[in-house]
Amino acid sequence: MKTLLSKNLGFCFGVKEAIKKTIEFSKKHESTYILGELIHNSHIVEELKKYNIFTLETPYEKLKSNIDDLIHSNKDFGLVFTAHGHEQKLEQYIKEKNIDYIDATCPYINKIHERFFKYNLNPTDVFYIGDKNHIESIINLKLFKFKNLTSSKKYREINFFNNEKITFINQSTYKIDGLKEYLLRVCPTLNFEIMDNFCPSVNNKYREVKLASLEQACDYIIVITDSKSSNGNQLFNYSIFCFGKDNVFKISDKNELPSIFPKLDKNKTVFVTSATSMDDKTINDILELLRNY
Ligand code: SF4
């Protein structure tokens, strides 16, 4: 089957860096514990166990008690903050306990946080557009105390008229195209500002999907992603918007491919893209099966 590939398949720079740093750091300790999923990719979470790197998959609020348990175990261990950011309060606690740690926060997320600190926003005047269950949003809401959270689907239902000035902020994987035009049309007197934090690495993937549907005239699209990846799920939704729901398939592993084959016409062209946390091995296994189809 004719297969066209995204030029940006696989890890983004933030994910690559987080994995490299964590493996390097793990050499210093008997065991290393990541404070949440380093990235959303269950293959990588498993792979890291070979280096004695384990993931504390508890809710963010429980991390402190997990750390206490590790202290009481008397093991030699180090800790890693994930690519999504963290609270200074938790870092302070780790320092007080003299635990060795590294911060694998993505440089792009750090840049967003610097911007939020610099602008010293009034939390009640901010509308945060993102997924309330995603770790990046959980941390942003804790760090900056933003009061209003909405998903990109729901912001159109909000009555903004009670606020004097509103700042809109989005999760790094949430595209908010069309927000400005919408606000100017629906509430032309509203005083607002948009701080668009959409990650350029994710944006490149969106551009390619659009191109594949229009100029490259691809018929289908396969999005390789872990079900927990926010950018992978958003990319899947955007692909449906560009290709129509019957022509878009989401998979996380080569074993899921055979169930899709009966829906693909061999004489047509498929475009393959992936989440920013998807590893080369998983992608190559899928591509090999697909090319031989
Ligand atoms: S998707 Fe963007 S923000 Fe997220 S880890 Fe990758 S580079 Fe950083």
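**Exercise 1. Determine which helices each supply at least two residues of the shell around the ligand, and describe that shell.**

Step 1. Helix H1 (13–26), helix H5 (107–119) and helix H8 (200–214) each supply at least two residues of the shell, where helices (H or I, at least four residues) and strands (E, at least two) are DSSP runs numbered from the N terminus. This is a predicted model, in which local features need pLDDT of at least 70 and side-chain atom pairs count only at pLDDT 80 or more, while totals for chains, interfaces and linings use all residues. Residues are numbered from 1 along each chain as its sequence is written.

Step 2. The largest share of the shell, three residues, comes from H1.

Step 3. Among the 14 residues around the ligand, those that come nearest are Cys12, Gly14, Cys106, Cys199 and Thr276; a residue is near a molecule or strand if its C-beta atom, placed from the backbone, lies within 6 Å of it.

Step 4. By class, the shell holds nine nonpolar, five polar and no charged residues, with Ala, Val, Leu, Ile, Met, Phe, Trp, Tyr, Cys and Pro counted as nonpolar, Asp, Glu, Lys and Arg as charged, and the others, Gly among them, as polar.

**Exercise 2. Work out why phenylalanine 116 counts as partly exposed, and place this residue in its surroundings.**

Step 1. Phenylalanine 116 belongs to helix H5.

Step 2. Phenylalanine 116 counts as partly exposed because it has 18 C-beta neighbours inside 10 Å; a residue is buried if 20 or more other C-beta atoms lie within 10 Å of its own, exposed if 12 or fewer, and partly exposed in between.

Step 3. When residues up to four places away in sequence are not counted, phenylalanine 116 touches Leu121 and Phe144, contact being taken as C-beta atoms, placed from the backbone, within 7 Å.

Step 4. Isoleucine 169 lies 53 residues from phenylalanine 116 along the chain, and their C-alpha atoms are separated by 9.4 Å.

**Exercise 3. Establish the order of the four strands in the open sheet that contains E1, and say which strands stand at its edges.**

Step 1. The order is E1-E12-E10-E11, with parallel pairing; two strands pair if DSSP finds at least two bridges between them.

Step 2. Strand E1 (2–5) and strand E11 (248–251) stand at the edges, because each has a single partner strand, so that one side of each is left without a neighbour in the sheet.

Step 3. Neighbouring strands of this sheet are turned by 25 degrees against each other on average, direction ignored.

Step 4. E1 is joined to strand E12 (residues 269–274) by four bridges, and threonine 3 has valine 270 as its bridge partner in E12.

Step 5. Helix H9 (residues 230–243) lies across strand E10 (220–224), E11 and E12, and runs at about 175 degrees to E10, where axes are lines fitted to C-alpha atoms, for helices over the stretch in contact, and angles run from 0 to 180 degrees between N-to-C directions.

**Exercise 4. Decide whether valine 248 is buried or exposed, and list residues in contact with it.**

Step 1. Valine 248 is located in strand E11.

Step 2. Valine 248 is buried, because 21 other C-beta atoms lie within 10 Å.

Step 3. Leaving aside neighbours within four places in sequence, the contacts of valine 248 include Ile221, Val223, Phe236 and Ile240.

Technical notes. Two residues are in contact if their C-beta atoms, placed from the backbone, lie within 7 Å.
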